Amino acid sequence: MGSSSSSSSKQVLLLGLPNSGKTTFLQRLTDSQANESDQINYDPTLGVNYTSLTINSLNFDFWDLGGDKVSATLWSTYYRIIHVGIVLFFVDISDISSFNESLIILLKILNEEELKQARVFLILN
């Protein structure tokens, strides 16, 4: 995992509960043909989706990690192996019942030693 990423690329983790918009966000970045008004449903991520993109002359490696309980247990493996520069944490604001669980997970992420130097952004979707 770590050896496949370029040292000049920013490593970006996309984290959050299932159906919070991680994969849709990444697909919108990579699919220049889609219009914002297009309603596209993507399959939930099983494991990880990896995409390398150049945006405004900056290189990014995006790691879209599945949000299901099994996949979430593997998140720490990724941020222990790759040098994470940015964490995008997604919250589905239409699912009020998931707020508490999202908050607990976010607080855990903020306390992870391997992520202390990363910039963490909260994406309310």
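A salt bridge is taken here as a side-chain nitrogen of Lys or Arg within 4 Å of a carboxyl oxygen of Asp or Glu. By that criterion Glu-112 forms a salt bridge with Arg-80, with the closest N and O atoms 3.8 Å apart. The structure is a predicted model, in which local features need pLDDT of at least 70 and side-chain atom pairs count only at pLDDT 80 or more, while totals for chains, interfaces and linings use all residues. Residues are numbered from 1 along each chain as its sequence is written, and side-chain values use heavy atoms, with hydrogens and water left out.

## Overall architecture

The protein chain contains four helices and five strands, where helices (H or I, at least four residues) and strands (E, at least two) are DSSP runs numbered from the N terminus. Read from the N terminus, the order of these elements is β-α-β-β-α-α-β-α-β. With contact defined as heavy atoms within 4.5 Å, 66% of the contacts between residues at least 6 apart in sequence join residues at least 24 apart.

The chain exposes about 7800 Å², of which carbon and sulfur atoms supply 52%; accessible areas come from the Shrake-Rupley method with a 1.4 Å probe, and for residues only the protein chains shown count as cover. Of the 125 residues in the protein chain, 39% are buried, a class that means under 20% relative accessible area, with exposed set at over 50% and partly exposed in between (1.4 Å probe, protein chains only).

## Packing of helix H1

In helix H1, which spans residues 22-30, the buried residues are Lys-22, Thr-23 and Leu-26. Viewed down the axis of H1, these buried residues fall within an arc of 90 degrees and so line one face of the helix, the arc being that of the directions from the helix axis to the C-beta atoms. The partners against which the buried residues of H1 pack are strand S1 (10-16), strand S2 (48-55), strand S3 (58-65) and S4.

## Salt bridges

Side chains of opposite charge can pair when their charged atoms come close. The structure holds three salt bridges, listed here with their N to O distances.

| Acidic residue | Basic residue | N to O distance |
|---|---|---|
| Glu-101 | Lys-69 | 2.9 Å |
| Glu-112 | Arg-80 | 3.8 Å |
| Glu-114 | Arg-80 | 3.1 Å |

The bridge between Glu-101 and Lys-69 links distant parts of the chain, with Glu-101 in helix H4 and Lys-69 in helix H2 (residues 69-72), 32 residues apart. Glu-101 is partly exposed at 34% relative accessibility, whereas Lys-69 is exposed at 62%.

For the bridge between Glu-112 and Arg-80, Glu-112 lies in the loop between H4 and S5 and Arg-80 in helix H3 (residues 75-81), so the pair ties together parts that are 32 residues apart in sequence. Glu-112 is buried, with a relative accessible area of 12%, while Arg-80 is partly exposed at 49%. Leaving aside neighbours within four places in sequence, Glu-112 is in contact with Tyr-79 as well as Arg-80.

In the bridge between Glu-114 and Arg-80, Glu-114 is again placed in the loop between H4 and S5 and Arg-80 in helix H3, 34 residues apart. Glu-114 is partly exposed, at 33% relative accessibility. Through shared partners, salt bridges join Arg-80, Glu-112 and Glu-114 into one network.

## Aromatic pairs and a nonpolar patch

Rings of Phe, Tyr and Trp (its six-membered ring) pair if their centres lie within 6.5 Å, and planes under 30 degrees apart count as stacked, over 60 as edge-to-face and the rest as tilted. By this rule there are four aromatic pairs. The rings of Phe-60 and Phe-62 have centres 5.9 Å apart and planes at 35 degrees, so this pair is tilted. Phe-60 is buried at 15% relative accessible area, and Phe-62 is buried at 5%. Tyr-50, Trp-63 and Tyr-78 form one aromatic cluster.

On the surface, Ile-93, Ile-96, Phe-99, Leu-122 and Leu-124 make a nonpolar patch of about 500 Å². Patches are made of residues with over 30% relative accessible area and no salt bridge, with like charges joined within 9 Å and nonpolar side chains (Val, Leu, Ile, Met, Phe, Trp, Tyr) within 5 Å. Within this patch, Ile-93 lies in the loop between strand S4 (84-91) and helix H4 (99-110), and Ile-93 counts as partly exposed at 43% relative accessibility.
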